[in-house]
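Hi,

Here is the structure I promised to pass on. Have a look at it first, and my notes follow underneath.

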Amino acid sequence: MKKVYLDSAATTQVRPEVISRMQDALANSYGNPSSSHGFGRTAKTAIEQARKTVAKHLNAHPAEIIFTSGGTEADNMILRCSVRDLGVKTIITSKIEHHAVLHTAQALAFEYGVELLFVDLDSVGNPDLGHLESLLKRDESKKLVSLMHVNNEIGNTIDIEAIGNLCEIYGALFHSDTVQSIGHFPWDVQKCKAHFLTAAAHKFHGPKGVGFAYIKRNTGLKPLILGGSQERGFRAGTEPFHNIVGLEEAMNAAYDHMEAERNYVTELKRYFIEKIAIAIPDIAFNGLSGDMEKSTYTLVNIRLPFDPEKALMLLFHLDLKGIACSKGSACQSGSDIGSHVLTEILSPEDLEKPSLRFSFSKYNTKEELDYVIEVLKEFGSH
């Protein structure tokens with residue numbers, strides 16, 4: 001059976017060179033990085049080199065990079081510590097953020113009495129910057145703005161520099177969940193004016209279980225996880241050395257080959273949009289995912305003109321045909337809860353139609369896309 005993986009927004013295929021680097025680390029650099037002997041020092045030196053590598057790609061200082069278990073931990077850490085340590089009384093976010101942000105913000109509102117405000121969105125999911133400004137200047141409370149750079153379901157990209165400028169004007173802290181964009185877009189933290197960013201290696205062809213938080217120097221955050229002096233005292237726990245060097249290898253490859261790979265994947269997305277619109281004329285694109293200029297090049301979210309009852313079997317049918325994609329985000333798969341992102345931006349009538357997210361990588365081909373489109377067309381015609 002043909003196998004087609006189009007779910008890279010959920011997780012990516014690990015690069016062969018990353019696997020080799022991690023295997024070598026597991027076999028030959030097994031010392032505890034906190035140990036003072038040679039085995040430990042070897043591992044510690046490599047971790048610090050990885051920190052410098054990450055910082056270089058972001059135009060950050062190595063001390064501003066804290067390795068975590070992934071994006072969810074990094075988001076939780078930043079939001080919780082901002083409230084606990086920095087006196088944040090108001091969190092401004094949107095209703096289409098990743099649940100790592102939304103659920104954490106809701107928990108903080110319950111636990112600490114933080115005021116939770118949502119910026120208005122337009123019909124395709126873009127934040128209203130005029131409304132954001134009005135929320136920022138409504139009172140003198142310490143505020144944290146948390147808006148993701150690339151939406152993981154509909155692919156919209158926000159104007160992160162404009163939001164950073166607004167936050168600077170009104171003295172607000174700015175956090176952006178950049179899990180879907182680090183490794184896919186160039187970054188300069190000196191220009192975007194964010195205080196906090198988050199990343200996960202498995203979104204850019206690295207291993208699962210490792211990511212990092214960018215925390216601007218002198219923000220005053222204190223550790224969330226206690227018990228040791230690892231990560232410069234900011235995050236206790238023995239570092240997963242093999243994962244960290246895997247992240248470094250993946251990040252180097254992502255930025256070394258970014259232009260060529262971005263051009264290749266962009267062409268895949270353009271091809272998919274053009275071909276599926278011809279094959280299924282009444283198809284629609286959710287959010288801005290069908291706009292090549294205003295959304296990420298890595299994914300498209302389509303709404304199919306299929307009978308809702310029949311569409312219940314669509315994902316199962318695609319799986320039988322060897323095709324992997326998502327109904328909404330992977331974090332929700334297996335549950336009966338629909339996409340909170342689509343629920344927020346679509347009409348009740350459009351919500352009844354099946355929506356699918358297809359996300360692309362350097363490992364996909366146009367031939368694979370032709371096969372997927374043919375399977376969808378055939379399903380719709382029966």
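**Two sheets and a surface patch**

Strand E2 and strand E8 (residues 211-215) run antiparallel and are joined by four bridges. Before going on, the small print: this is a predicted model, in which local features need pLDDT of at least 70 and side-chain atom pairs count only at pLDDT 80 or more, while totals for chains, interfaces and linings use all residues. Residues are numbered from 1 along each chain as its sequence is written, and side-chain values use heavy atoms, with hydrogens and water left out.

Helices (H or I, at least four residues) and strands (E, at least two) are DSSP runs numbered from the N terminus, and two strands count as paired if DSSP finds at least two bridges between them.

Back to E2: Phe67 sits opposite Phe212 in E8. The sheet they belong to is open and has seven strands, ordered E2-E8-E7-E6-E5-E3-E4, with mixed pairing. At its edges are E2 (65-68) and E4 (115-118), each pairing on one side only. From one strand to the next, the twist averages 20°. Helix H2 (residues 38-58) lies across E2 and E8, at about 115° to E2. Contact here means heavy atoms within 4.5 Å; axes are lines fitted to C-alpha atoms, for helices over the stretch in contact, and angles run from 0 to 180 degrees between N-to-C directions.

The other sheet is an open one of three strands, E9-E10-E12, with antiparallel pairing. E9 (284-285) and E12 (355-359) are at the edges with a single partner strand each, so one side of each has no neighbour in the sheet. E9 is joined to E10 (residues 299-303) by two bridges: Ala284 partners Arg303, and Phe285 stands opposite Ile302. On the E12 side, E10 pairs over five bridges, with Arg357 as the bridge partner of Asn301.

How well covered is E10? Five of its five residues are buried (under 20% relative accessible area; exposed is over 50%, partly exposed in between, with a 1.4 Å probe and protein chains only). Leu299, Asn301 and Arg303 lie on one side, Val300 and Ile302 on the other. Helix H9 (residues 258-279) lies across E9, E10 and E12, at about 15° to E10.

Lastly, Phe316 in helix H11 (residues 314-320) is partly exposed, at 47% relative accessible area.

Cheers
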